[in-house]
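Trainee: I should like to learn how to read the features of a protein model. May we go through one together?

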Amino acid sequence: MQKKTLLDVARPHYEENQVLELDHAIDFATKAHAGQKRMSGEPFVSHPISVANTLVEWGMDIDSVLAGVLHDTVEDTDATLEEIESLFGHDVAFLVDGVTKVSQARSGMQDLANYLPQTKDNLSKLLIAVGQDVRVIIIKLADRLHNLSTLQHLPKEKQVKIARESLEVFGPMADRLGMGRVRIQIEELAYGYLDPTEYKKLQGVVRKRLGRSTRKLGIVRAEVEAVLQKQNIEADINGRVKSIYSLHRKLKKVGGNIDDIYDLMALRILVKTQEDCYRVLGVIHSLYQPMVSRIKDYIAVPKPNGYQSLHTTVITLNEQIVEFQIRTYEMHEYAERGLAASFHYHEQKDSKDYRLKRGTSTLPAHLQWITQLQAVALQLRDNEDVSTDQLNIDLFGNRIFVYSPKGDIYNLPEGALPLDFAYLVHSDIAKHAYSFRVNGNIHPFDKPLHNGDVVEVVTRKLSSPKQAWKDLVTTTHARNKLRGQLKQLGIIESITSAANIIRQKTLRKK
Ligand code: MN
């Protein structure tokens, strides 16, 4: 990609002085990378320029775009962070530094099993970078996407290695940030390199099936459209085809039978308001027979990454099984762009808003885990003990949502116990936890919570943390708070016992 193209793409979205800065950054990177070439034979600078272009397309703020242009200069050239800071400011330098750290961490992550201490160290660098500014990861995703799209120039062995890492680390990362479109792009590219035979086979299967069902689906679509019009519900209906990689994953789950996959092709209905979503669902269920176990309300209970939509699978009049996904335009925008949407150049706030402050986060509730991640990162930086297991859970594990009786939403890892919830709400509440009620029923301390549970902590003033609780918490956050409280109790205990000894001594003297 050329400098001029990037400037043309960027111009409509940024202020004049920002475009000028971009111009300078490109010149700086071009000079720094002079003489370096990509495996494709292109000058190296075409890579950071492409990355920056992707960031513009994702609607990122100007600092991210500048960091995209400069992201490989510190690692691969003589340029220094100090130079970048003095030329482009502290924020841009901070982002470039983060990206560099993530690259260094990445190289250690593959050998997870063999070199635990080293991996832990590298992972911590990754986490610290993530914790301080999520834009670092977004830039890294753009970087990875471009490397994947130019993978054909690398030797076979490297292709497989990068592809596997993309599926194991970067795909889930995009998913965790709600960036659905990017996740699919990464997965489709990577899977094609990892298992080309299976990829082509599945591609063929999908093509054949689609050919057969497109016409029938067209009829269903027309039927729905007609009824919606009659009911005065404005809607856009599109077909969406399942991606090859998620088909592969689902096939593995259902034992390889493609007839068990109902959402190979789905109809997506976009409407203006949330009420319209439920109205459309009503219309569809009155038209066709729904499969009861496949009605999902991700609007009332969003997926942990923030995804919202209604899903339902129905049997149509011509006996086709069709999945519908119903959501507002806004929900759709989020499903596609995720966290990147909140950095949009059209709603640029002070760039400091993007940096996560310790303890307080401006992120929406479903992204609370990023704040929790930051806590882990700080702990690692202070050389405190965190098991690699925990890191994996915190980073890539599945999350659930639970609610307080007041309806406040809390995000926990799957398998979390009631005390984890209590510590998340407030450590003082957890401290006096006496029992738990979940959805109105008494709930034992050792029974995991589930998505959508309403959890009430019953407190007693005289209740206090016990050693046994160590086995009744699973999150890093809860474990740390508990450890602190036990320590404090220990000190108080030893003070009391010291006081006792002194008192006894004085008593004896008397
Ligand atoms: Mn790069």
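Mentor: Let us begin with a pair of helices, bearing in mind that this model is predicted. Helices H10 and H11 cross in a left-handed manner.

Trainee: What describes two packed helices in general?

Mentor: One gives the angle between their axes and the distance between the axes. Here, the axes of H10 (residues 156-176) and H11 (residues 180-194) come within 8 Å and cross at roughly 160°. Angles over 145 degrees count as roughly antiparallel, and H10 and H11 are therefore roughly antiparallel to each other.

Trainee: Which residues of H10 and H11 meet?

Mentor: On the H10 side they include Val160, Ala163, Leu167 and Phe170, and on the H11 side they include Val182, Ile186, Ala190 and Leu194. Charged residues also take part, among them Arg164 in H10 and Glu187 in H11.

Trainee: Let us turn to H1. Which residues are buried in helix H1?

Mentor: Leu6, Leu7 and Ala10 are buried in H1, which spans residues 3-10. These residues lie on the same side of H1, because they cover an arc of only 100° around the axis. Their cover includes helices H2 (16-32), H3 (46-57) and H4 (62-70).

Trainee: Which residues coordinate the manganese ion?

Mentor: His47 and His71 do so through NE2, and Asp72 and Asp143 through OD, at 2.2 to 2.3 Å. Along the sequence, these donor residues follow the spacing H-x23-H-D-x70-D.

Trainee: Are His71 and Asp72 buried or exposed?

Mentor: Both His71 and Asp72 are buried.

Note on methods: Residues are numbered from 1 along each chain as its sequence is written. This is a predicted model: local features need pLDDT of at least 70, side-chain atom pairs count only at pLDDT 80 or more; totals for chains, interfaces and linings use all residues. Side-chain values use heavy atoms; hydrogens and water are left out. Buried means under 20% relative accessible area, exposed over 50%, partly exposed in between (1.4 Å probe, protein chains only). Helices (H or I, at least four residues) and strands (E, at least two) are DSSP runs, numbered from the N terminus. The arc is that of the directions from the helix axis to the C-beta atoms. Contact means heavy atoms within 4.5 Å. Donors are N, O and S atoms within 2.8 Å of the metal (3.2 Å for Na, K and Ca); water is not among the atoms, so sites may look incomplete. Axes are lines fitted to C-alpha atoms, for helices over the stretch in contact, and angles run from 0 to 180 degrees between N-to-C directions. Angles under 35 degrees count as roughly parallel, over 145 as roughly antiparallel, 65 to 115 as roughly perpendicular and the rest as oblique. A crossing is left-handed if the near helix is turned anticlockwise from the far one by less than a right angle, and right-handed if clockwise.
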